[in-house]
Amino acid sequence: MPIRLQDVLNHSTLTPADPVVRAAAAIAAQTQLRWIHSSEVLDIAPLLGGGELLLTGGQALALATDKRRADYIWELAERGVAALAIETGTELASIPSSMVAAAEAAGLPLIELRKVVPFVGVMEAINSLLVSETAAQLQQADRASHAMAVELAHGGSLDRILAVLADATGAEVVLTSTAGAPLASALPADHTVEPEPAESSDAPDRARTIQVDVSVRGIPSARLSLHALAGADVNLARIAGNRSVDILALALLQRMPPGLKEMAGAALIRAVDSGTQNWRLQQLAPAAGIPLAAQLVAVVVRSPGSRQPRMAVEHVLERVGHHSASYADNAELLALAVLRPGKTQEDRDAILAGLQSLALPEGTVSAVGPVATGISAAPWSLTEARLTLDLAAGAEPFKAGPGQSGVVLDADAFAVERLAFHTLDETQRTDYVSQQLGALLVHDAQRNSALVETLRVWLDSGCNTAQAARELHLERQSMHQRLQRIFSLCGGDPRGTGRLAALHLATKFVRLPRAGSVTRN
């Protein structure tokens, strides 16, 4: 039997918290759980897999704006989180009305815990029950996968293969192409048409829908959707859906194998990545729909976990409106995007903006390489995109911008660092930095100050003191005092002199990683 939210609210470890449902009460009783997790981090959604009851003490919510609180609710709902329980009291006196309204609209059961209970005890007790339940679900999912394989071996159609999955999970199963065109669908054999509960028309029931991407020979080919019908086990549908991917990939390979263009595109990316001879690139590019003389950029995405956000990135490249190709392995997602003649910068900016707009797993880092002219230069753009990631990682920890779940880097913004890495060895860079910034480096080392970083930010801002102060979170007077100290140590105000560029170059060199942390190509 699936473990439901109401079972947990009535459990002896949670009843002392005096829980009360504040939003989406109509669906709370039947909401199924996969796991219980606790976190005070507001950006937790990308790290969750769906089906969780999330417990939070409310400390971060108490300090957040109303907009951020509502966004938090929507992010959890869109991730498929089953329910959110917030402890009120000293930190957060009550659940804000903005959160209640957002949870009701999103169909996310919202529970107020009016008394303090140890979250660890709740999670240990309930998760042990969920683990036992998961073991049984894994056995059922394996049986379903075997039955699908038998149906495939006997020549069953996609509809018949999906019918096996639908019967095993009690879910409506739909297979669509990456463009959204329906390929096959099935309902459980014992399904009878009954009206959905009234709340389904008022709020999206995301927790009951599971989506899984299906790739054929490394090429995204379809998306499997399972919608658990009334009474069905959502967690069984989630596990069985993921276990069925290989069978569906084989079925698609038999019936609708990837076209020459898609296969050539994947082969082209692999060839670009491996440094294959130029004749091979010129052979594969036309088959992939990429003109030999096209202007293009390489994109590198590194994302935590075993699955890369390939389809989301491909949709961004498709929105630019030109030919593209991609290839993913367990470490990176690589892509090439063709740019329009005469509008290369516009298209490149659109790719950067599109990547920045994606909701990707926390910890995802991406880089867009410089513009390459012709397929022969594609390996160079890819190498420079990778180098940008390595140089930025060596300089400082990656940090996403406001409202972003991942970091997107522009290789053009690292042009000086890339040039220095290619043309100067570590000793030469160190000597140059010492000549230009020696006094500042000694001052920082002796007094634990940050004059070199202050100078870098000021120079990066175009010597805009007010902007630099904002970036460094300093009062303007403090910023002026730092600049006066910097000028006194490095020979005066560099503005209007040839030393401005020299100092700027040195502040970039000082952030480059040391030898051994980046591999030269």
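This report describes the nonpolar cores and a helix crossing in a predicted model.

## Basis

The model is predicted, so that local features need pLDDT of at least 70 and side-chain atom pairs count only at pLDDT 80 or more, while totals for chains, interfaces and linings use all residues. Residues are numbered from 1 along each chain as its sequence is written, and side-chain values use heavy atoms, with hydrogens and water left out.

## Nonpolar cores

The largest nonpolar core (buried Ala, Val, Leu, Ile, Met, Phe, Trp, Tyr and Cys residues joined through side-chain atoms within 4.5 Å, where buried means under 20% relative accessible area with a 1.4 Å probe, protein chains only) has 33 residues, of which Leu162, Leu175, Val214 and Leu224 touch the most other members. Among the elements giving two or more residues to this core are helix H7 (158-169), strand S6 (171-177) and helix H9 (234-243), helices being DSSP runs of H or I with at least four residues and strands runs of E with at least two, numbered from the N terminus.

A second, separate core of 32 residues includes Leu268, Val272, Leu336 and Leu409.

## Helices H7 and H9

The axes of H7 and H9, which are lines fitted to C-alpha atoms over the stretch in contact, come within 9 Å and cross at roughly 150 degrees on a scale from 0 to 180 degrees between N-to-C directions. The two helices are therefore roughly antiparallel, a term for angles over 145 degrees.

Leu165, Ala168 and Thr169 of H7 make the contact (heavy atoms within 4.5 Å) with Leu236, Ala237 and Ala240 of H9.

Methods. Buried means under 20% relative accessible area, exposed over 50%, partly exposed in between (1.4 Å probe, protein chains only). Angles under 35 degrees count as roughly parallel, over 145 as roughly antiparallel, 65 to 115 as roughly perpendicular and the rest as oblique.
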